[in-house]
2 protein chains.
Amino acid sequence: MIFNIPDSPLPRVVIIGAGFAGLNLARKLSKSNFQIVLLDKNNYHQFQPLFYQVAMAGLEPSSIAFPIRKIFQNKKNVFIRLTEVEEIDASQNEIITSLGRLKYDHLVISIGAKTNFFGNKKLEEKCLSMKSVSEALFLRNLILADYEKAISTTDYEKRQGLIDIVIVGGGPTGVEVAGALAEMKKYIIPKEYKELDFKEIDIYLVQGADCLLKGMSPKASEGAEKFLTKMGVKVIKSMRVTDFDGEYVHLADGSLIQAKKVIWAAGITGNRLKGLPDETLTYGKRLKVNRYNQVDGFSNIYAIGDIAYMEEEAYPKGHPQVAQVAIQQGKLLAKNLKSENANQPMKEFFYNDLGAMATIGRNRAVVDLPRFKFTGFFAWIVWLVVHLFSLIGVKNKLFVFINWVWNYFTYDQSLRLIIKPKIKKEFETDEVDENRKEKREQ
Amino acid sequence: MIFNIPDSPLPRVVIIGAGFAGLNLARKLSKSNFQIVLLDKNNYHQFQPLFYQVAMAGLEPSSIAFPIRKIFQNKKNVFIRLTEVEEIDASQNEIITSLGRLKYDHLVISIGAKTNFFGNKKLEEKCLSMKSVSEALFLRNLILADYEKAISTTDYEKRQGLIDIVIVGGGPTGVEVAGALAEMKKYIIPKEYKELDFKEIDIYLVQGADCLLKGMSPKASEGAEKFLTKMGVKVIKSMRVTDFDGEYVHLADGSLIQAKKVIWAAGITGNRLKGLPDETLTYGKRLKVNRYNQVDGFSNIYAIGDIAYMEEEAYPKGHPQVAQVAIQQGKLLAKNLKSENANQPMKEFFYNDLGAMATIGRNRAVVDLPRFKFTGFFAWIVWLVVHLFSLIGVKNKLFVFINWVWNYFTYDQSLRLIIKPKIKKEFETDEVDENRKEKREQ
């Protein structure tokens, strides 16, 4: 298998990763005079902010994942390949992938970040993360399967392990998951799992810092904690998780919590890509870039989004790793590449902070706008509207909207299905692995 | 893990399988004075007639699968367990499952049928079937992944293997899949896989009998063949598939078709359950029942749906294995159990044939009503309406309806996502296997 991309007189921009940064760049460039090669491991773009709703059976994966090919239908100069990039050979202006080598004129790294287990292999093995639709689906299946098992488990202690859940990390993901679990406990369990005593279900949220939603306003932090506590979530602040053996979570003060499911949402670290000099790596394994998103020491290699580390006057320690930064960097880089092509000067990046928000449950959210911070019902409406309009595709917007309205009035998400594609061993469906296998055999 | 079902003064009806037959029985009984134990391998009921649309990326699994617990919300006497029944111990009125033994007063077997490979292990290993949502999802992922691979495959022969598809069996499933694939080839490939020459894609439909849709009217058979041929499907009649080695399909006349994907839809055979005497098994591995659906030789063991074989005046060779028979038998059995409980006589089953239909593509279907047979646009509308109203749940109806309207006007199904839940090896998610494992360890 080879890349099979036609030669073209147009400069070739190779984009690695179709997240918010890479996708926005590709969309903006697709109408210009570039040959664009967009690479991703998946054939879809994922809308990260709603992963937790997939995990909580509130939305279908297809509502928040969008096929990349569909976005670039009929775009003659855009070539999409499902592959994983193994290495950059900057001396040759080439990338090395499972599909072989490919020349680039401009290389854009938008590979994002992954869950940070701080080097603890045991936590990495035993904990659940939620950095992809696939992981969210797995978590959903696991939660539902464990409720089923709990019904048939008479031993109290064993049952606790199956139904209690510990969430590590009190950022937006942790807060949103905790809120959604608390609602499932309240509205769904008594109706559908009547053999379970829903009062036995404990949801723990363990946060290292002394407040939730660190980085948002005190109003938001306090609001989130108040809402969650009211909903029965056990919020533990200023506490680190030191270990998890699959049965018990060990806290820094020596106490234990029994739970088989630990959701790890305690931070992210940059994805790795071989071939760039070590000096380009900085805090959080991010790539150091200048104000034009050029990677330190290179003029035709760029990094944008979560993987990029840029210092700006207002952000001397780099930007927050959020969707807005990625989107804005992707869009500016498109402009800058066009400018460069036209021998025009490039523009420096300035982050326009539109605010931050998190939802905790029905009618409850916290919103920090640059000049106005508020919590409660109105914040919740703002959260819904912003997320709805950020989704790609009219049909996705419509389906998510109907789902939300439905869930709101029925108090009931109806997607509690434990569905896994049946794997037939005769078939190798993972094209990435397949390529690797072929390569090894060569 | 144990069954954990409370003792009750009510007679206990144990239902194995929540397909059309078992589910309709359970719903009708749930308001009466029975304790109902409903067992299934999955936590959802699946709407078989639309599996092919899931496989063709036209519908999401959640639109045609419905969580069983949701159907019986707040029903105090209904107990749902995810388990596989291993054996019936009729002498003790007990079933043996991965959750242990369970006593029954009435036992209802509604375990349906599975794909029939006529004992050919190689075909079973290498071919794809479509008898569950999981299999349909797997097929979807495989088709899409193979298109991706084909783009990077320059060798003509190898590429043929990836993009050509052979469907074996010209019944409704085969016809509907062939039609849907032909539409994908025509409307989607040129827009999204521009590197592929869509004219290279061949879709073969191999039928053993001398006409498609055997069992329907000649008008329907001819209509289906005319439509499919017009859409470019290569229909091969009066031909058996003798072998498939993973690369080539061997036909009875010695000719070969190169294809890596063979969809096997050439018949079904009853699922097996140990513990019943051999004499109860008859044609197609179905269980012989009398007109009250009592299994031959038993007064408190019943079989309904695809697994049941009943001879009726109008059906001397048994009923067709279709949803309508299952639904009608489930409903009648509910009445009969109530009658028996009230010391009233039971009623004999008479099948009320409402007709048969199959859809071939946009605006194209064939419908046989008892007194009226027609094909084309009106048939297609009838097909849509009947299937829409047969779905469980208002939201499912709504979502399927929107999807269909959307696809109709955009010529574009937008669910072409290769999503698989990420499996974490540390976790054993398959509760059935888990139980088995525990059992072995005991």
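**Figure 1. N74(B), an exposed loop residue in a predicted model.** This predicted model places N74(B) in the loop between α4 and β5 (78-82) of chain B. N74(B) has 9 C-beta neighbours inside 10 Å. A residue with 12 or fewer such neighbours counts as exposed, so N74(B) is exposed. Its backbone also stands out: phi is positive, about 65°, although N74(B) is not a glycine.

**Figure 2. N343(A), a second asparagine with a positive phi.** The loop shown runs between α10 (323-341) and β23 (356-361) of chain A, and N343(A) lies in it. Phi of N343(A) is about 60°, and again the residue is not a glycine. Is N343(A) buried or exposed? It is exposed, because the count of other C-beta atoms within 10 Å is 6, and the limit for exposed residues is 12 or fewer.

**Figure 3. The contact between chain B and chain A.** On the chain B side, 61 residues take part; they meet 61 residues of chain A. Several elements of chain B give two or more residues each. Among them are α3 (61-64), β4 (65-67) and α4 (68-71). Further along the chain come α5 (121-126), α6 (133-151), α8 (172-192) and α12 (394-410). Which element of chain B gives the largest share? That is α6(B), with 12 residues. The chain B side holds 27 nonpolar, 16 polar and 18 charged residues. For the complex, the predictor reports an ipTM of 0.89 and a pTM of 0.91.

**Figure 4. How chain B maps onto chain A.** A rotation of 180° superposes chain B on chain A. The shift along the rotation axis is 0.0 Å, and the RMSD is 0.0 Å. This is therefore the relation of a two-fold axis. Both copies use the same surface: 100% of the contact residues of chain B recur in chain A.

**Figure 5. The fold of chain A.** Chain A has 13 helices and 25 strands. Its C-alpha trace spans about 70 × 60 × 45 Å along the principal axes. The radius of gyration is 23 Å. The globule rule gives 22 Å for 442 residues, so chain A is as compact as a globular protein of that length. Buried residues account for 51% of the chain. Many contacts link distant parts of the sequence: of those between residues at least 6 apart, 64% join residues at least 24 apart.

**Figure 6. Two domains of chain A and their contact.** The domain assignment gives domain 1 as residues 12-115 + 269-341 of chain A. Domain 2 covers 121-266. Their C-alpha centres lie 32 Å apart. How many residues does each domain bring to the contact? Domain 1 of chain A brings 13 and domain 2 of chain A brings 17. On the domain 1 side, α2 (51-55) and β10 (113-115) of chain A each supply at least two residues. The element that gives the most to this side is α2(A), with four residues. The domain 1 side divides into nine nonpolar residues, three polar and one charged.

**Figure 7. A303(A), a buried residue in a strand.** A303(A) is found in strand β21 (residues 301-303) of chain A. Around A303(A) are 31 other C-beta atoms within 10 Å. Burial requires 20 or more, so A303(A) is buried. Leaving out residues up to four places away in sequence, A303(A) touches I109(A), L287(A), V289(A), N293(A), V295(A) and A308(A). G174(A) is 129 residues from A303(A) in sequence. Their C-alpha atoms are 27 Å apart.

**Figure 8. I201(A), a buried residue in a loop.** I201(A) lies between α8 (172-192) and β12 (203-206) of chain A, in the loop that joins them. I201(A) has 23 other C-beta atoms within 10 Å and is buried. Beyond its neighbours within four places in sequence, I201(A) contacts I163(A), D164(A), K185(A) and I189(A). V37(A) is 164 residues from I201(A) along the chain, with 49 Å between the two C-alpha atoms.

**Figure 9. Confidence along chain A, with residues 429-442 in view.** The pLDDT of chain A averages 91, and 95% of the residues score at least 70. Over residues 429-442 of chain A the pLDDT is below 50. In the model, this stretch still has 21 contacts beyond near neighbours in sequence. Where pLDDT is low, predicted coordinates should not be read in detail.

Methods. Residues are numbered from 1 along each chain as its sequence is written. Chains are lettered from A and ligands numbered from 1 in the order in which they are written. This is a predicted model: local features need pLDDT of at least 70, side-chain atom pairs count only at pLDDT 80 or more; totals for chains, interfaces and linings use all residues. Two residues are in contact if their C-beta atoms, placed from the backbone, lie within 7 Å. Ala, Val, Leu, Ile, Met, Phe, Trp, Tyr, Cys and Pro count as nonpolar, Asp, Glu, Lys and Arg as charged, and the others, Gly among them, as polar. Copies are superposed by least squares on the C-alpha atoms of residues with pLDDT of at least 70 in both. The radius of gyration is taken over C-alpha atoms; the globule rule is 2.2 Å times the number of residues to the power 0.38. Domain bounds come from an automatic or database domain assignment. pLDDT is the predictor's confidence in each residue, from 0 to 100.
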